[in-house]
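Please work through the following exercises with the sequence and the model side by side. Each one sets a task and then solves it step by step.

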Amino acid sequence: MTRMVASLSALILSIVFLVSGNAFLMTLLGIRLSIEEISPDVIGWVLVCYSIGFVLGTLYVHKIIGRVGHIRAFAVFAAFAAMTALMYPMAVSMIFWAVLRVLSGFSIAGVLVVIESWFSSRATNANRGALFAVYQIVFYLSAAGGQLIVNVGDPANFMPFSLAAMLLTLALIPLSLTRMEAPVIEQASRMSVFKLARESFSGVAGALICGVMIGGFYALGPVYATLVGLDIARTSTFMASAIVAAMLLAWPIGRLCDYFDRRRVMFWVALAAASSAGGVAVLGTGNLAVLTLMVGLFTGLSATIYPVAVAITNDRMDSNRIVSASATLLLSYGIGSVIGPIAMAKLIDLLGPAGLFYGNAGFLLVLAVITRYRISHTDDVPVEDQEHFVPAMPETSPVLTEMDPRNVEFHESTEAEQMQAGQRQSG
């Protein structure tokens with residue numbers, strides 16, 4: 001395991017710089033917009049543009065990578081992400097920032113496709129489960145670490161934006177110096193959302209509503225914290241604890257999914273997350289420790305809905321359709337992440353800061369009702385026939401779904417194939 005991680009050190013360093021810089025920038029923008037006293041409704045529309053750009057990126061960046069090669073594409077996407085970070089302080093214009101968020105989302109999607117392709121190319125049937133786990137742990141810890149550097153500098157000036165650009169630029173260095181052969185990227189096929197919903201409506205609904213929850217919270221959590229009077233240091237801790245909670249709760253929920261019917265697990269998780277969100281909305285910020293705990297429960301439980309939805313769907317799929325189904329679930333999550341910031345911003349505008357959590361509780365209760373209805377009207381998959389649960393992370397590209405340990409059709413790239421890919425790119 002140590003040798004495997006060491007061989008991927010360049011990739012891991014690039015992931016750390018990229019994810020921490022991007023997470024830092026996302027929270028920084030929410031705080032800066034609140035300082036500028038921009039309406040939450042407008043903030044939601046601006047910040048949702050990142051999700052729009054990211055979804056577009058996952059659909060189209062493979063064409064750019066196929067045309068110019070991995071290293072050049074990676075350099076272009078990372079440089080573009082860093083450039084947009086530097087441009088925010090130039091003009092506090094909502095239209096300008098919205099365009100930058102689209103470009104940033106597209107660029108980050110491109111960088112992740114390249115990195116995850118390299119990760120996937122190093123996987124074999126013997127180690128891909130471990131690699132899958134390493135990637136997710138590094139991703140979550142980097143995102144949490146990015147939150148903790150938000151209090152370095154005043155968000156009202158250019159310095160934090162320059163720091164974000166530096167982190168994104170640093171992601172260029174390890175991979176630019178790597179001697180690894182470039183892998184081959186094949187566009188993941190998708191089945192239509194409606195076709196997948198006919199076969200696993202609970203799975204599609206879970207992925208969609210999880211996107212609403214997580215997309216809305218990551219975009220507007222810093223706005224909520226600012227509106228309720230948390231200083232920058234407490235806001236960074238508030239956001240970091242939410243990300244760590246998402247990582248920590250994945251394992252116990254996964255254990256439950258291996259011993260009980262997964263739709264029932266999703267039903268109770270949705271109810272528990274709704275209760276946590278309702279508790280935050282009602283209790284407010286009277287006690288910071290209680291607030292952090294309740295928000296951690298809400299985000300941690302909400303984040304587990306996506307992997308449970310993937311597991312529910314895969315239990316109903318033939319093995320040769322798992323990758324295409326997973327890619328469609330990622331698209332459903334992406335659609336939800338576009339809906340979330342807009343809907344939650346409108347509720348904050350109408351109800352005040354608590355509107356963020358009243359809205360989350362409402363969407364989670366809708367998911368609980370949908371899941372209960374499906375349990376009552378469709379047959380369960382027997383527990384003994386369920387696939388082994390694997391935590392799945394939605395903040396990624398369809399490339400990584402190919403490395404999911406449940407995908408028995410996984411294809412191991414041979415050294416000869418990778419050399420041929422490198423020769424095609426150099427030619």
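## Exercise 1: The length of a helix

Task: in this predicted model, compare the span expected for helix α15 with the distance between its end C-alpha atoms.

Solution. Helix α15 covers residues 355-377, which is 23 residues. The expected span is 1.5 Å times one less than the number of residues, and for α15 this comes to 33 Å. The end C-alpha atoms of α15 are 33 Å apart, so the expected span and the model agree. As a further step, look at which residues of α15 are covered: the buried ones include Gly355, Leu356, Phe357, Leu364, Leu367 and Ile375.

## Exercise 2: A second helix and the residue that follows

Task: repeat the check for helix α2, and then describe Glu37, which comes after this helix.

Solution. Helix α2 runs over residues 9-35, and its 27 residues should span 39 Å at 1.5 Å a residue. Its end C-alpha atoms are 39 Å apart, which agrees with that expectation. The helix is mostly covered, with 21 of its 27 residues buried.

Val19 is found in α2 and, with a relative accessible area of 7%, is buried, since the limit for buried is under 20%. Leaving aside neighbours within four places in sequence, Val19 is in contact with Phe139, Ser142 and Ala143. Val19 and Leu112 are 93 residues apart in sequence, and their C-alpha atoms are 9.4 Å apart in space.

Glu37 is found in the loop between α2 and α3. Its relative accessible area is 71%, so Glu37 counts as exposed. The phi of Glu37 is positive, near 60 degrees, in a residue other than glycine. For comparison, most residues other than glycine have a negative phi.

## Exercise 3: Classifying ring pairs

Task: a search of the whole structure finds 14 aromatic pairs; classify the pair of Phe217 and Phe238, and then the pair of Phe267 and Trp268.

Solution. A pair of aromatic rings is described by the distance of the centres and the angle of the planes. Of the pairs found in the search, which total 14, take Phe217 and Phe238, whose ring centres are 6.0 Å apart and whose planes stand at 45 degrees, so the pair is tilted. Phe217 lies in helix α10 (residues 201-227) and Phe238 in helix α11 (residues 232-259), so the pair ties together parts that are 21 residues apart in sequence. Both Phe217 and Phe238 are buried.

In the second pair, the rings of Phe267 and Trp268 have centres 5.1 Å apart and planes at 75 degrees, so this pair is edge-to-face. Phe267 is buried, with a relative accessible area of 11%, whereas Trp268, at 54%, counts as exposed. The charged end of Arg372 sits over the ring of Phe267, 4.5 Å from the ring centre.

A last step asks which residues the ring pairs link into a cluster. They are Phe217, Tyr218, Tyr224, Phe238, Phe298 and Phe357.

## Exercise 4: From the core to the whole chain

Task: identify the residues that touch the most other members of the largest nonpolar core, and then set this core within the protein chain as a whole.

Solution. In soluble globular proteins, nonpolar side chains tend to be buried together. The largest nonpolar core here has 118 residues, of which Ile115, Phe119, Phe217, Leu220, Phe238 and Phe357 touch the most other members. Helix α10 gives the most to this core, with 15 residues.

For one of these core residues, Ile115, the contacts beyond four places in sequence are Leu11, Ser14, Ile15, Leu18, Phe74, Tyr135 and Leu175.

The secondary structure of the protein chain comes to 16 helices and zero strands. Buried residues make up 56% of its 427 residues. Among contacts between residues at least 6 apart in sequence, 85% join residues at least 24 apart. The chain exposes about 17000 Å², and carbon and sulfur atoms supply 65% of this area.

Definitions and conventions
Residues numbered from 1 in each chain as written. Predicted model: local features only at pLDDT ≥ 70, side-chain atom pairs only at ≥ 80, totals over all residues. Heavy atoms only, no water. Helix = DSSP H or I, 4+ residues; strand = E, 2+ residues; numbered from the N terminus. Buried < 20%, exposed > 50% of the residue type's maximum accessible area, 1.4 Å probe, protein only. Phe/Tyr/Trp six-rings, centres within 6.5 Å; stacked < 30°, edge-to-face > 60°. Lys NZ or Arg CZ within 6 Å of the ring centre and 35° of its normal. Core = buried A, V, L, I, M, F, W, Y, C linked by side-chain atoms within 4.5 Å. Contact = heavy atoms within 4.5 Å. Areas by Shrake-Rupley, 256 points an atom, 1.4 Å probe, with all protein chains shown as cover.
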